[in-house]
Amino acid sequence: MKPDRRERVAWAGLIVWSGLITAVTYGAAVQLPFFFDDFAHIPVVEAHSLTELWQTAGGLAYYRPLAFTLWKIMQLVLGYHSPVAQHTLNLLLHTCNGLLVAWLAGQLWSARSPDWRRRYLSATLFLLYPFSYQAIPWVGSLAHPLVTALILLALASYLKWRATGVRAWAALGLVAAVLAPFAHENGALVGPFIAAIELTRSQRIEPVWRALRRAVVWMIPAVLWLPIWWLVPKGVSDAVALNTGEPLLQNTIYFAQGLGYPFTWLGGWLRDSLGANDLLAAAGLSALALAGAAAMQWRTRSDRRALLPWLWYALAALPAILFLRFDYVINGPRLLLLGAVGAAWLWTDVLIRLFDWSGAAIASRARIALAVGLGFILITQNFSFVRTRMDLHTLGGSVIRQTVSRTMAANAVGRSAIFINLPAWLAPLQSTYAIGHEGVQFLPGYTSPATLVSVNTGEPAELNVFRFEAIRPSMPYLFGLRGQAPDWPALTQRGGQVFVTQYSPSTIALQPAGELTLTMANADPLARFGDAVTLLEARATISATHLQLDLVWQVHEPPSPDVTLFVHVLDARGQLIAQADGDPLAGSYPFWQWAPETVIRDQRSIDVSGLGLALRVGLYDRATGERLPAVSDAGEAWVDDAVAISVQPLRDAAAGSN
């Protein structure tokens, strides 16, 4: 096969490989709705024209009009904000960035004698960099893959211009350099990156000052951007301040942990199992990992080019280390995406040097096996880390979709939607790295709940989100709850349909729990429980998977706080096979809190199915276990103070309602 044809085949393979990695690792993102920062970003895009997006930050703390411009153009073309299109854009950028990382690795390390191992491995490690799990599936993080793409494009064009002398390449690179800071502030680093490339050349073919002079020229776009950034109105007025002391040290250790990631993933285990201090664990493992990488490069007589990954990562991390708060940094692993280029180059270089190490004390086959084994472990660990977080994205995304659907259905019949215990964030029980928050955020506290629906549908919505800790379950993952405790008397006055979040290890479902402030037609009640509580209506339907129960209660005088209700399911022989005891509205609104004459529908779903089932409902005192006397409207006592409710097949109930 001819050299140029082999080159094309190799590139075709790399393109397919990079696309496959992105699809397998992050492909589920295209099914995600808008969430988290999207609830702040999309309204800004919606409220401003293309021109206005370049004139203001729209009340946000940062000025990044290029990403907003892309979203605005997509909205104008499609007629709406499409989460599928915007997630796809992030995935395409990530794949392209992996290819650019590979191309630059080939040019910077092996331009004369292409080393496809370096290109493939650089792309793979970049695409699977663990801390990218936040930047790629979040639409609101577009600024990070976008600025990385523009920086890499600027550098690739610069190298092509230097190699060919074709000015069109220089023009393309300068255009990318001009646009990069408007995508993200790190875009101002194009010039410093060029300086790092020139300073680490293996063979010096011109004076250093001349190479650095070109780097200075490529810094001009950043110099022109700075006053624009400074003068544009933003949502914060605080002056930019440098970190010192402890915040500076904390940020430095966090980013060092990101560079030493092949070994710092043991930090969480050291912290949790051995009680090690999180910062000390991260610092110690980072020092060991980076010392080992440096020793391998030194032992194998590396040239100046081996310094480039170190300089790249340091330059990429420096702005965040110097200017951002530590509590922001540890919640923002997306900040490491640009540095992932240097990290991928560093560990690619280390693995290739270990693979090729001549004169090693260990046998050649053992050395090769060690290099391949370490590479496999690194790639597998990274993939597993990202996939775990993508599973959390999928879980939380389903909650967003259910919230939108439930709200739109309730609003369509003139009712507000009330949600109890929606997850604000999800995270694994144990974090992998010693420092940093490794979860996934969905519902930020700085936007109204209505924005969740309006951003995803383009329509206004009426909903409320509350938390009720007493019914919070333990799960094999961590989750935070959005909202405050519900003010049930006020909510009852306004009315609405209530949904309670039901958590399980693999799913999160929003179950209908009832409805507030019902207006009932005059009808004979099913049962009276003294002068305090009346059961007005009851309806039970059964499907192939569960039994659905609707109970309409009225409280005349609030009973004792110990009074609650029981729901028993009996089989054809009268044996108890399931129950759903507890206070109304999934345990969140006990009878004693109801205002006099309040009427509320309580809904329960019981995981049971079959024929010949019977249902018994009543009230009891949880302190004594005694049931409250239950009598019919005619004054006849119900057997065992339990109201008998017939169970209808769902299809029959539906037919009867038509």
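Colleague: What makes β3, β2 and β5 an open sheet, and which strands stand at the edges?

Modeller: The order is β3-β2-β5, with antiparallel pairing. Two strands pair if DSSP finds at least two bridges between them, and strands are DSSP runs of E with at least two residues, while helices are runs of H or I with at least four, numbered from the N terminus. β3 (440–441) and β5 (477–481) each have a single partner strand, so one side of each is left without a neighbour in the sheet. This is a predicted model, in which local features need pLDDT of at least 70, side-chain atom pairs count only at pLDDT 80 or more, and totals for chains, interfaces and linings use all residues. Residues are numbered from 1 along each chain as its sequence is written, and side-chain values use heavy atoms, without hydrogens or water.

Colleague: How do you know that β2 pairs with β5?

Modeller: Five bridges join β2 (residues 423–428) to β5, and pairing asks for at least two, so the two strands count as paired. P428 has Y477 in β5 as its bridge partner.

Colleague: Why is L78 called partly exposed?

Modeller: L78, found in helix α4, has 42% relative accessibility. Buried means under 20% relative accessible area and exposed over 50%, with partly exposed in between (1.4 Å probe, protein chains only), so L78 falls in the middle class.

Colleague: What does W345 touch, leaving out residues up to four places away in sequence?

Modeller: Among the residues in contact with W345 are V101, W109 and W312; contact means heavy atoms within 4.5 Å.
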